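Me: I've got a model open and I'd like to learn how to read it. Can you walk me through some features?

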Amino acid sequence: MSPKRAIPHIVVAAFTCVVVTGVVVRQNVERDWRAMLTTLEELRAERLGRSDVREALHGATSDDRAWPHYERALAALRSVEVTNDRSHAAARARTEAERKERDALLADVDAMFAHLTRGAQARDARSPVRFEDGASADIQRLAEIRWTSELSVARAMQLLESGDELGAVHGRLDAQQLARDLGVSPVLIEEMIGLSQLVPEATVEWLADGGANDMSASSLGVWLDGLDALRASLPDGSRAMVGEVEMFGREITRQVEASGRLEWKGFLDDASLWRYGFTWRGAAADYVVRGADFAREVERAYVGEPMRVLARLGALEQEAESDLNPIYKVAVPKISSAGRSRIWNLALLDFLRHALALRLARPSDLPVDPFGFGVEVEHDGAGIRVWAKAHERRQHEIEINLGA
């Protein structure tokens, strides 16, 4: 057979190879997609199987769900014209004119506090986030949670002025319980918002101005008991990375079921898609299946002292950024930054508990310094200061000051 006559056979063979390869690739993509759907159901079962019950920080615990009451509290807040400036000023009212403005705002949002108490005293704090809605799921916003925290500080100051110490303490614990319940959310941004409001800036400033001096040892003891219970109810590490993977998977399945395509793929180039059959469905399925295992590694990384935790999270973040699947670069959040924020906020809570214990002459172990240089304590007749210096420029010093 001459070379010229062999050419058509070569072309046919090559074409057949391409067709067969294409069929195999499509089969692999469909196989990976089915594996992803199985993984999503496993993640859902894992999320729903986690216990989200806890006891009230004061008073009797009701057999109820917390979030419906919290949502009513936030709805009452939205019905009033609250702004960052008004909320900030109310929590820092010092002059008679400032207190008058504060009291007017508190009267407008008064309905919020009863709902907040009912939510804080309900036993079931399961997150209401609908993962089936994917990226369009309704999640809590920082501004509203911060306003709730600041207004609870303002109300505590108001109640202390009228002599109602226990009312002031209970109100603070209610807001801190809300922060705690959001801080165990399976959604990372909600977790970070909640943890940031465990000890809000307004509380730190109020204490530094001598706010604790307006309270008896008995009332401070009720607050400390509640904070100890709150701290004991918090998991050691973050659970949210697993939730992030499931949320991503739910979003892509929602898009494919609705339109047959992935709307977010324009944010990425197609250069690496040959590994996944030149289809984003294949890349997305691969991310969810392998990402579930990666997320569990992130959970395990939180075991140990803070500096080692941050080192492990940093290594995992680099691993994600160098992964051959391009989705990792956009879908995996900045887990080292989230870990640093978590550790910092929990340390602030521990510093507050230690300072209150010293004020009450209760036994208390020195809290852990997340920066690795040790915690400093000043305890004299003028007040109590518990702090740790930052070890990096981007970090703020952690300090609780029970001022004179």
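Reply: Sure, what follows is a short tour by question and answer. Keep in mind that this is a predicted model.

Me: Let's start with the sheet. In what order do the three strands of the open sheet come, and are they paired parallel or antiparallel?

Reply: The general idea is that strands of a sheet pair through backbone hydrogen bonds, either parallel or antiparallel. In this model the three strands of an open sheet follow the order 3-4-5, and the pairing is antiparallel. At the edges sit strand 3 (376-380) and strand 5 (398-402), each pairing on one side only. From one strand to the next, the twist averages 5°.

Me: And which helix packs on that sheet?

Reply: That's helix 15, which touches strand 3, strand 4 and strand 5. The direction of helix 15 makes about 25° with that of strand 5.

Me: How many bridges join strand 3 to strand 4?

Reply: Five bridges hold this antiparallel pair together, with strand 4 covering residues 383-388. The connection between strand 3 and strand 4 is a hairpin of two residues. For a spot to click on, try His379, which stands opposite Ile384 in strand 4.

Me: Now the interior. Which residues have the most contacts inside the largest nonpolar core?

Reply: As a rule, in soluble globular proteins, nonpolar side chains tend to be buried together. Here the largest nonpolar core has 44 residues, and those with the most contacts inside it are Leu198, Trp223, Phe351, Leu352, Leu356, Ile400 and Leu402. Elements giving two or more residues to this core include helix 9 (201-208), helix 10 (217-232), strand 4 and strand 5. Helix 15 supplies the largest share, nine residues.

Me: Leaving aside neighbours within four places in sequence, what is Leu352 in contact with?

Reply: With that filter on, Leu352 is in contact with Val199, Leu207, Trp223, Leu227 and Ile400. Apart from this core lies another one, of 34 residues, among them Val242, Ala283, Tyr287 and Leu313.

Me: Which residues of helix 8 are buried?

Reply: Helix 8 spans residues 188-196, and its buried residues are Leu188, Glu190, Glu191, Ile193, Gly194 and Leu195. They pack against helix 6 (142-161), helix 7 (165-183), helix 11 (240-259) and helix 15 (335-359).

Me: What about a charged residue: does Asp286 count as buried or exposed?

Reply: The cut-off for buried is under 20% relative accessible area. Asp286 has 18% relative accessibility, so Asp286 counts as buried. You'll find Asp286 in helix 12 (residues 280-301). Not counting residues up to four places away in sequence, Asp286 touches Tyr276, Gly291 and Asn325.

Me: Where is Ala361 found, and what is its phi?

Reply: Look in the loop between helix 15 and strand 3. Ala361 has a positive phi of about 60° although it is not a glycine. At 69% relative accessibility, Ala361 counts as exposed.

Me: Last one, on sequence versus space. How far apart are Glu41 and Glu246?

Reply: They are 205 residues apart in sequence, but 8.9 Å apart in space from C-alpha to C-alpha. Glu41 belongs to helix 1 (residues 3-49). With a relative accessible area of 42%, Glu41 is partly exposed.

Key. Residues numbered from 1 in each chain as written. Predicted model: local features only at pLDDT ≥ 70, side-chain atom pairs only at ≥ 80, totals over all residues. Heavy atoms only, no water. Buried < 20%, exposed > 50% of the residue type's maximum accessible area, 1.4 Å probe, protein only. Helix = DSSP H or I, 4+ residues; strand = E, 2+ residues; numbered from the N terminus. Contact = heavy atoms within 4.5 Å. Pairing = 2+ DSSP bridges. Axes fitted to C-alpha atoms, helices over the stretch in contact; angles between N-to-C directions. Core = buried A, V, L, I, M, F, W, Y, C linked by side-chain atoms within 4.5 Å.
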